[in-house]
Amino acid sequence: NDPPLVHAASLDVWLVSEGTATVITGGKLLNEKKRPGIDDASGSDIEGGTEQALKPGDVLYIPPGVPHGFKDLKGFRAFLIRFDTK
């Protein structure tokens, strides 16, 4: 799994096409480290986030500034559309 992220000035829209996963959103990004050259910060985990099951057909919206990460991926495939909000 990739580390959880937060985007300062972009939003994500995920369109789930296959498989399942659990998304964790909100809460606090632990051990946050800014990634050079982009508006992302990554972390080791999310504390106090909300978990939600994802399945094909689901649409997930992640606003700017909201920590998010995925776990329990089982054949998970999704299209990511990212919008710059600046």
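**Close-up views of salt bridges, a buried histidine, a strand and a pocket**

The structure holds four salt bridges, and three of them get a look in the panels below. Keep in mind that this is a predicted model, and that numbering starts from 1 along each chain.

**View 1. Arg82 and Asp12 meet in a salt bridge.** Zoom in on the pair and you'll find the closest N and O atoms 2.7 Å apart. Arg82 sits in strand 9 and Asp12 in strand 2, so this link ties together parts that are 70 residues apart in sequence. How accessible is Asp12, buried or exposed? At 0% relative accessibility, Asp12 counts as buried. Arg82, on the other hand, is partly exposed, with a relative accessible area of 40%.

**View 2. His68 makes a polar contact with Asp12.** Asp12 turns up again here, with its side chain 3.4 Å from that of His68 in a polar contact. His68 belongs to strand 9, which covers residues 68-84. With a relative accessible area of just 4%, which is under the 20% cut-off, His68 is buried. Which residues does His68 touch, leaving out those up to four places away in sequence? The list is Pro4, Leu5, Val6, His7, Asp12, Ile24, Thr25, Ile46 and Ile62.

**View 3. Lys71 reaches Glu51 through a salt bridge.** Here the closest N and O atoms are 2.8 Å apart. Lys71 comes from strand 9 and Glu51 from strand 7 (residues 50-54), so the pair ties together parts that are 20 residues apart in sequence. Lys71 is partly exposed, at a relative accessible area of 28%. Both partners also show up in the surroundings of Thr22, which touches Glu51, Gln52, Gly69, Phe70, Lys71 and Asp72 once residues up to four places away in sequence are set aside. Thr22 itself is part of strand 2 (residues 10-25) and counts as buried at 14% relative accessibility.

**View 4. Lys55 and Asp58 pair up in a salt bridge.** Their side chains come to 3.1 Å, N to O. What about accessibility? Lys55 is partly exposed, with a relative accessible area of 48%, while Asp58 is buried at 17%.

**View 5. Strand 8 shows side chains that alternate.** This is what you'd look for in a regular strand, where side chains alternate between the two faces of the sheet. Along residues 59-62, Leu60 and Ile62 point to one face and are buried. Val59 and Tyr61 point to the other face and are not buried. Strand 8 is joined to strand 2 by four bridges, and the two run antiparallel. For a handy reference point, take Trp14: its bridge partner in strand 8 is Leu60.

**View 6. The largest pocket holds about 240 Å³ of space.** Its lining has 14 residues. Which of them lie nearest the centre? Those are Asp2, Pro3, Leu5, Trp14 and Phe70. Two of these names have cropped up already: Trp14 as the bridge partner of Leu60, and Phe70 among the residues that Thr22 touches. As for the strands, strand 1 (5-7), strand 2 and strand 9 each supply at least two residues of the lining. Strand 9 gives the most, with six residues.

Methods: Predicted model: local features only at pLDDT ≥ 70, side-chain atom pairs only at ≥ 80, totals over all residues. Heavy atoms only, no water. Buried < 20%, exposed > 50% of the residue type's maximum accessible area, 1.4 Å probe, protein only. Polar contact = N/O pair within 3.5 Å; in protein donor to acceptor, adjacent residues only side chain to side chain. Contact = heavy atoms within 4.5 Å. Pairing = 2+ DSSP bridges. 1 Å grid on protein atoms, 1.4 Å probe; cavity = no way out; pocket = protein on both sides within 12 Å on 5 of 7 lines; lining within 4 Å. Points joined across faces, edges and corners; volume = space filled by probe spheres on them.
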